[in-house]
Amino acid sequence: MSLIKLDKKSYEYNLNQIATKAGGFERLICVFKDNAYGHGTKLLAPITKALGVNFIAVRNEQEAFELENIFENILILSHRPNGKENPKFIYALNEPLSIDQFKKHTRIHLKIDTNMHRNGVCLENLQQVLKNASKLRLEGVFTHFSGADEMDASFFIQKQNFQKAKDLIKKSTDLKLIFHSYNSSALFRATKLPDDELCRVGLVQFGYGQENLKKVLSLYAHKISSRILKSSQSIGYGGAYTAKEDLKVATYDLGYADGLFRFNGKGELKLANGKPILGKMSMDSFSCEDLGDEICVFNDVQLWAKFFNTIEYEILVKLHPNIPRIVV
Ligand SMILES: *Cc1c(COP(=O)(O)O)cnc(C)c1O
């Protein structure tokens, strides 16, 4: 049985740090999309709630229903309107042309395209869209930064554009609206969250993207079998690893079907204790030196993200929901 352990103290520590930076737990919208970045929504949500967070963002209605009895405010980021929207949830309005497809009086947060050009209404059309959206219940307005983690001008240009949108909206409506734009990296790069905004934090909750936060997730595999791999014998598909001397090896119960990137046997992909995986990874298993009944595959995915030339998000989010998870 493979296993994911979620460290409660580390998660609480991170959320405390984030809340301090943002000015309180009530100013956080914790992003729980895609099984809380692969960590496990069901186990983390009660901890998040107990700390005082009452606003969460998810990807779709299916994820929202999982949390409906825990959080009061659930923002769905990527819904396609179908006229059956649930009055409990808040829906992002990403496509101004889709207003008529929403059920009347649906709670929405309007997305502004401040220069990322992925979703939302651009500033020129804002006034018109506000009029068209009057059949919906506008509760908030938000935008997303394309490069808050990069030190270029785009962040400031988008901030300026969002400020223009806020000014225009505040002038044209008396509604009391919620504004939000900052993600993890924007929050930590800024000296302070704007006074009239909440922030949407994803990755930093889990200890990534910032120094001095703590990693929450560690992944364990368990031994299926072991043997002596004799000098000059090879192991696994294609015999990609050949022993130079007799070596006690074991096969462990995690593979690429569990959402791990498939290691092709080339180069050195290391486990948490620094020992390499030997040969190619299989669908449901991998082999390495016999390291006992339970081994930690990783407790910090930075190394695997570097090895596979990707970002930490992708290593985490692929972890299969069927891997058993526990809070420790
Ligand atoms: C995923 C997501 C976030 C969170 O981003 P992090 O970089 O993980 O903090 C915030 N807002 C939107 C719209 C997102 O899709």
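1. A good place to start is the second largest pocket of this predicted model: its lining has 4 charged, 4 polar and 3 nonpolar residues. The space inside comes to about 170 Å³.

2. If you would like to find the second largest pocket on screen, its lining consists of Asn35, Gly40, Thr41, Lys42, Leu43, Gln62, Glu63, Glu66, Pro321, Ile323 and Arg325. Two or more of these lining residues come from each of α3 (41–51) and α4 (61–67).

3. Next, do have a look at the largest pocket, with a volume of about 960 Å³. Its lining numbers 34 residues, and those nearest the centre are Lys33, Tyr37, His144, Asn183 and Tyr313. By class, 14 residues of this lining are nonpolar, 12 polar and 8 charged.

4. Which elements each supply at least two residues of the lining of the largest pocket? They are α2 (33–37), α7 (184–189), β9 (197–201) and α9 (312–317).

5. Strand β9 deserves a paragraph of its own. Of its 5 residues, 5 are buried. Glu197, Cys199 and Val201 point one way from the strand, while Leu198 and Arg200 point the other way; the buried set thus takes in both Glu197 and Arg200.

6. On the pairing of β9, strand β2 (residues 28–31) runs parallel to it over 3 bridges, with Cys30 opposite Val201. Strand β8 (residues 178–182) also pairs with β9 in the parallel sense, over 3 bridges, and here Phe179 is the bridge partner of Glu197.

7. Finally, a point on topology: β8, α7 and β9 form a β-α-β unit, and the unit is right-handed.

Terms used
Residues are numbered from 1 along each chain as its sequence is written. This is a predicted model: local features need pLDDT of at least 70, side-chain atom pairs count only at pLDDT 80 or more; totals for chains, interfaces and linings use all residues. Side-chain values use heavy atoms; hydrogens and water are left out. On a 1 Å grid over the protein atoms alone, a cavity is a set of points where a 1.4 Å probe fits but cannot get out, and a pocket is an open set with protein on both sides within 12 Å along at least five of seven lines; lining residues have an atom within 4 Å of a point. Grid points are joined across faces, edges and corners, and a volume is the space filled by probe spheres set on the points. Helices (H or I, at least four residues) and strands (E, at least two) are DSSP runs, numbered from the N terminus. Ala, Val, Leu, Ile, Met, Phe, Trp, Tyr, Cys and Pro count as nonpolar, Asp, Glu, Lys and Arg as charged, and the others, Gly among them, as polar. Buried means under 20% relative accessible area, exposed over 50%, partly exposed in between (1.4 Å probe, protein chains only). Two strands pair if DSSP finds at least two bridges between them. A crossover is right-handed if, with the strands pointing away from the viewer, the path from the first strand over the helix to the second runs clockwise.
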